[in-house]
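Subject: the model we talked about

Hi,

Here is the structure for you to open up. Have a look around it, and my notes follow underneath.

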Amino acid sequence: VIEETRRWASIVKTDFTRLREINDRLMMAERAFLDREGRLQDHVALQQNQTSISKHIPELNTMIRAAIFYVFFALTTSLSSCFSPKSHYHSLFLSNSLANNASIAHNLYMLTRRPHVAGTEANTETAEYVKSILTSNKIKSHTVSYDVALTYPASRSLTLTPEPGHPPIVFDLRQEIYNGDVYADVANEVMMTFHGFGKTGTVEAPVTYANYGRVEDFAMLKEMGVKVSGTIVLARYGKIFRGDIVDNAYAAGAIGTLIYTDRKDYGGGGKDAGWFPDAKWMPPTGVQVGSVYSEAGDPTTPGWPSTEGCERRAYEEAEKLGVVPSIPSLPISGADGETIISSLGGRLANDDWQGSKDAPTYRVGPGPGVVNLSYNATKTIATIHNIIGVIEGSDEPDRFVLLGNHRDAWTFGAADPNSGTAALLEVAQRLARLQKKGWKPRRTIIFCSWDAEEYGLIGSTEWVEDNREALKSKAVAYLNVDVAVCNEGFTASATPQLDELLKWTTKQVKDPKNTSQTVYDSWASSSGSPQVERLGGGGSDYSAFVQHIGVPSVDMSYRVGGYPVYHSMYDDFTWMQKFGDPMFHRHVAVASIWGFLALQLADSEILPFNYLSYAEELQKSAKELEDEISNKTTLAPLHKSVDALTKSATKINNEINAIEEDIRQASPRKKDFARARAINDRLMMAERAFTDPDGLSGRPWYKHLVYAPSKHNDYGSKSFPGIDDAIENAKTLDTAEAWQSVQHEIWRVSRAIKQVAQVLSGELT
């Protein structure tokens with residue numbers, strides 16, 4: 001009798017879940033007609049959903065009528081299966097019996113045998129490889145393709161005339177193959193060095209040296225009396241996003257930009273340090289390639305997915321709007337950069353603008369060295385492929401925990417990004433083994449292998465735009481790993497409600513360098529206490545999830561200090577095996593943290609979010625603003641809204657404690673399942689309320705009012721980016737109208753935080 005009662009009780013619970021899922025789809029469908037610009041959306045998806053829902057209703061009605069007879073017994077029987085503990089499987093996930101560094105090494109080797117730039121045949125092969133690993137582990141997988149605008153190099157040249165009358169120096173712009181290079185036979189497949197979305201053009205002018213190309217560097221040149229207008233800027237990598245270097249040069253009046261890898265930052269400080277393959281440092285001819293497009297997604301389909309036959313604006317329109325650069329640019333090697341530096345006269349550069357100890361003396365110019373820069377790009381619509389793998393949840397299949405990594409690389413991509421791809425496949429293989437032992441996730445786990453990230457987060461952005469409304473209503477969290485391993489130090493970034501979970505997870509994983517301690521211990525020792533960074537920068541695929549639709553997210557890596565061969569042809573399996581992670585133990589650690597985080601988010605009865613951490617973070621950020629604003633504005637609305645968030649976060653934490661106490665006493669019933677679901681919905685949806693339909697002023701795709709890229713550095717991040725942009729403008733103009741704009745941005749953020757507090761409280765006004 002007991003077993004029969006439990007069986008029917010399980011049906012009641014299952015039907016409750018299925019009905020809730022269908023009702024959510026019915027309820028949320030109308031939201032999808034909404035559009036920021038007021039456009040009417042295609043309602044084919046709604047019709048498809050209606051057909052799908054309708055065919056299940058008779059079946060559900062039959063099952064529910066049969067189950068009603070047993071409801072009385074179900075409600076008087078403990079439904080402990082609703083809240084079944086899965087800690088055994090979680091411990092097993094971290095065990096040495098499932099971890100496999102040899103498998104990780106093999107997958108990385110297979111993924112990096114050829115250069116695989118987005119849109120190429122070689123990268124399609126990596127997509128097929130990832131899909132084959134997932135399907136061979138019984139994980140349902142499919143390919144989602146998009147037709148996107150990309151650029152490839154057709155030709156480029158660079159010559160330097162050191163002084164009038166001197167013969168020109170013609171740079172060959174090639175990265176040298178070293179003796180014994182095992183990838184020499186495919187080196188011809190490495191594309192010529194270029195900037196993705198770089199502007200076609202030929203320019204000739206004297207050169208001005210601009211340090212790292214930051215706004216403050218150009219301000220220093222102006223203070224020194226150096227005229228940048230009409231010159232070609234030479235800047236070095238290392239502080240800000242390369243696209244912002246080009247934009248900052250253009251704003252200063254430059255007609256072209258060259259960006260080089262200085263030995264001071266990438267060469268170990270000088271010739272004595274050696275370079276790859278004898279040391280980890282960038283060789284003198286090594287070049288960091290990359291995109292100079294500073295927004296997210298296909299620039300010809302802003303805000304909507306690049307599906308077959310979609311609306312598409314002209315590439316020239318994107319150029320006019322300034323979303324792709326307005327002047328030509330090229331990346332060059334450290335050796336070529338120093339040759340050009342040696343041709344410059346003018347004022348002596350400041351000490352912190354100088355190079356390594358054995359570098360030539362740096363002067364700022366302009367000239368007398370004159371450079372002729374020519375670049376010709378091929379613009380094309382290329383097909384890219386995302387691979388999506390799904391482990392469906394048993395209790396809440398309509399709640400998604402997503403794990404993502406991009407697969408495309410500028411060259412071989414051993415560190416960036418395929419160390420992350422290998423770790424993703426390791427997580428998938430371990431979870432597949434847990435499934436064989438009887439584990440099923442409570443919520444659905446989705447593996448995402450993105451394409452075309454390097455050009456501008458294109459694969460992930462198009463997919464998020466393609467599934468925007470479904471993700472907004474169903475995504476619990478997104479866990480991103482780009483470069484899994486390139487150095488020894490662990491680092492992580494997150495939206496603040498995930499801070500405690502992230503730290504707790506690292507306490508469960510052994511440190512790969514010292515197994516007598518945990519990852520948390522080594523992470524804490526490097527800075528005194530673990531520092532969780534924030535996800536405001538636009539550097540990886542979390543951007544569309546956090547900054548566009550407001551999904552709680554994490555990004556993690558072993559990369560403190562970066563790695564010198566970044567985006568060069570030397571980022572290959574040999575470099576990883578010799579210098580990055582010889583035993584692949586750090587890869588194992590990343591996979592363990594990544595997968596264990598996913599298990600907690602997928603299996604916990606109550607989502608392990610803590611919004612008190614968020615409130616504390618916002619309080620700190622508000623405090624920092626006080627030194628930036630004038631007496632013409634007030635932060636009172638912001639402080640008031642943060643106080644409201646603190647109260648709501650405390651309230652929901654108390655509710656969580658109460659329901660978890662019920663769970664511990666093994667007395668949950670169907671109503672407790674519904675109660676838990678309601679709390680989880682509030683926890684999940686609260687992050688969405690930080691977004692605003694209008695987005696940031698001048699940058700409408702970025703909807704999150706707390707976390708978005710810095711205006712002058714896509715890699716950088718500041719809290720309250722809209723307020724920060726308005727303050728910068730007000731300090732420049734210093735008018736009443738400009739400071740009123742600051743106040744308006746403060747009010748916008750305050751209203752968003754108030755909405756978050758209201759979602760958490762679960763009550764209407």
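First, a word on naming: helices (H or I, at least four residues) and strands (E, at least two) are DSSP runs, numbered from the N terminus. Trp353, for instance, sits in the loop between α11 (334-341) and β9 (370-391).

Before the details, please keep in mind that this is a predicted model, where local features need pLDDT of at least 70 and side-chain atom pairs count only at pLDDT 80 or more, while totals for chains, interfaces and linings use all residues. Residues are numbered from 1 along each chain as its sequence is written, and side-chain values use heavy atoms, with hydrogens and water left out.

The overall picture

The chain has 25 helices and 16 strands. Of its 765 residues, 58% are buried (buried is under 20% relative accessible area, exposed is over 50% and partly exposed is in between, with a 1.4 Å probe and protein chains only). Contact here means heavy atoms within 4.5 Å. Among contacts between residues at least 6 apart in sequence, 80% join residues at least 24 apart.

Trp353 and helix α7

Back to that loop tryptophan: Trp353 has 3% relative accessibility, so it counts as buried. Its C-alpha atom is separated by 8.5 Å from that of Ala210, although the two residues are 143 apart along the chain. Leaving aside residues up to four places away in sequence, Trp353 touches a set that includes Tyr209, Ala210, Arg236 and Tyr362, and also Asp217 and Leu221.

Those last two belong to helix α7 (residues 215-223), where Asp217, Phe218 and Leu221 are buried. Viewed down the axis of α7, the buried residues fall within an arc of 95°, so they line one face of the helix (the arc is that of the directions from the helix axis to the C-beta atoms). As a reminder, an α-helix has 3.6 residues a turn, so residues three or four places apart point the same way. Lys222 and Glu223, on the other side of α7, are exposed. The cover over the buried residues of α7 includes β4 (201-209), β5 (232-236) and α8 (242-251). After α7 comes Gly225, with a positive phi near 80°.

Helix pairs

Axes are lines fitted to C-alpha atoms, for helices over the stretch in contact, and angles run from 0 to 180 degrees between N-to-C directions. Angles under 35 degrees count as roughly parallel, over 145 as roughly antiparallel, 65 to 115 as roughly perpendicular and the rest as oblique.

- α22 (residues 636-664) and α25 (residues 736-761): their axes come within 8 Å and cross at roughly 15°, so the two helices are roughly parallel to each other. The contact includes Leu638, Val642 and Leu645 of α22 and Ile746, Trp747 and Ile753 of α25. By class, its residues divide into 14 nonpolar, 5 polar and 2 charged. (Ala, Val, Leu, Ile, Met, Phe, Trp, Tyr, Cys and Pro count as nonpolar, Asp, Glu, Lys and Arg as charged, and the others, Gly among them, as polar.)
- α5 (residues 101-111) and α20 (residues 585-603): here the axes come within 9 Å and cross at roughly 100°, so this pair is roughly perpendicular. Asn101, Ile104 and Leu108 in α5 meet His585, His587 and Val588 in α20. That gives 3 nonpolar, 3 polar and no charged residues.
- α16 (residues 499-506) and α20: they pack at an angle of about 130° with their axes 10 Å apart, and are therefore oblique to each other. Among the residues in contact are Leu501, Leu502 and Trp504 of α16 and Ile593, Phe596 and Leu597 of α20. This contact has 7 nonpolar, 3 polar and no charged residues.

Backbone oddities

Most residues other than glycine have a negative phi, and most peptide bonds are trans. Here are some exceptions to look up.

- The Gly367 to Pro368 peptide bond is cis, with omega near 5°; Pro368 is in the loop between α11 and β9.
- The Asp416 to Pro417 peptide bond is cis as well, with omega near 10°; Pro417 is in the loop between β10 (396-406) and α12 (418-436).
- Ala452 has a positive phi, near 60°. It lies in the loop between β11 (443-450) and α13 (453-456) and is buried, with a relative accessible area of 0%.
- Phe720 has a positive phi too, near 55°. Its loop runs between β16 (713-719) and α24 (721-733), and at 0% relative accessibility Phe720 counts as buried.

Cheers
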